[in-house]
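Reader: I would like a close look at one topic in this structure, the salt bridges. Please set out what each partner's surroundings are like, and how far the coordinates can be trusted.

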Amino acid sequence: MVSSVGEDRAVLLGFTMMAFSVLMFFVVGITTVKPYINSCWDQEAHCVLRQTHILEDWVDCRGVSTVPCLKVTVNMSGSTQGSFLHYDEESVLLAKECFYIPKCQMDKDDLQDEVQEIKRRLDRHLGSNSSCFIDHKNHPNHVIWHKKYTLRRALFGLLWPCLMLGGGALLVGLVKMTQGLARLSSEVCIESAGGRLTARYTQGKLYKLLRRSSMQSP
């Protein structure tokens, strides 16, 4: 049976959705899943906020401009050794001593005000305990306050390509099932029509034989 234009478009849409889902799997795998798997900031600890300080020398911001650096030191619970506190994993790679780096290409006064505001908020919690994450193997003197790449974020990132892949496969499957049912119905109708024609032919032939035999009888 010849498929309709609507069925062809539906199948094309389904395969397009599946192709885009594969592309989304690739992007999400590189940007979210891979950093989560390679992350070594798994050990949770308790840190005591000790000191906050804004460095006089501004640091480089991705080669675009310079920004102020907020330096925060903490003590691990049960230890007197100081460590540098960072906001997340990326800030460790951007600057080894900075807790927070504002966005690049901002006005200098705005940069200074933003860093001063964050410093004031942290100063309110000096001497208090907070949870942090450590990586003794790769960054022994650094701790992070917040994990950017988590299992929840990785699963949430994989949710949308999974839904798109399932929706595309379901759409193609429904179209193919509809075409199969239509083909089966057509075959059944053809067989039924052929059976009726055969029955009529048999009945007509039998009638002729009976009529001929009745005419030949005395």
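Author: Three words for solvent cover come first: a residue is buried at under 20% relative accessible area, exposed at over 50%, and partly exposed in between, with a 1.4 Å probe and protein chains only. Residues are numbered from 1 along each chain as its sequence is written, and side-chain values use heavy atoms, without hydrogens or water. The model is predicted, and local features need pLDDT (the predictor's confidence in each residue, from 0 to 100) of at least 70, side-chain atom pairs count only at pLDDT 80 or more, and totals for chains, interfaces and linings use all residues.

On trust, the protein chain averages a pLDDT of 79, and 81% of its residues score at least 70. Confidence is lowest in helix H4 (residues 151-216), with a mean of 73, and highest in helix H1 (residues 5-38), at 88. Where pLDDT is low, the predicted coordinates should not be read in detail.

For orientation, the protein chain has four helices and seven strands; these are DSSP runs numbered from the N terminus, helices (H or I) of at least four residues and strands (E) of at least two. Their order along the sequence is α-β-β-β-β-β-α-α-β-β-α. Of the 218 residues in the protein chain, 28% count as buried.

A search of the whole structure finds four salt bridges, each a side-chain nitrogen of Lys or Arg within 4 Å of a carboxyl oxygen of Asp or Glu. One of them pairs lysine 148 with glutamate 90, at 2.8 Å from N to O. Lysine 148 sits in the loop between E7 and H4 and glutamate 90 in helix H2, so this pair ties together parts that are 58 residues apart in sequence. Lysine 148 counts as partly exposed because its relative accessible area is 23%. Glutamate 90, at 30%, is also partly exposed.

The strand E7 named above covers residues 139-144 and contains proline 140. Proline 140 has 48% relative accessibility, so it counts as partly exposed. In sequence, proline 140 is 56 residues from phenylalanine 84, while the C-alpha atoms of the two are 9.8 Å apart in space.

Two further salt bridges belong to helix H3. Glutamate 117 meets arginine 120 at 2.7 Å, N to O. Both of these residues lie in helix H3 (residues 108-123), three residues apart, which is about one turn of the helix. Glutamate 117 is partly exposed, at 28% relative accessibility. Arginine 120 reaches 43% and is likewise partly exposed.

The other pair joins lysine 119 and aspartate 123, with 3.1 Å between N and O. Here the two partners, again both in helix H3, are four residues apart, about one turn of the helix. Aspartate 123 has a relative accessible area of 27%, which makes it partly exposed. Also to be noted is a network: Glu117, Arg120 and Arg121 are joined into one by salt bridges that share partners.

For contrast in solvent cover, take phenylalanine 26, which lies in helix H1. Phenylalanine 26 counts as exposed because its relative accessibility is 55%.
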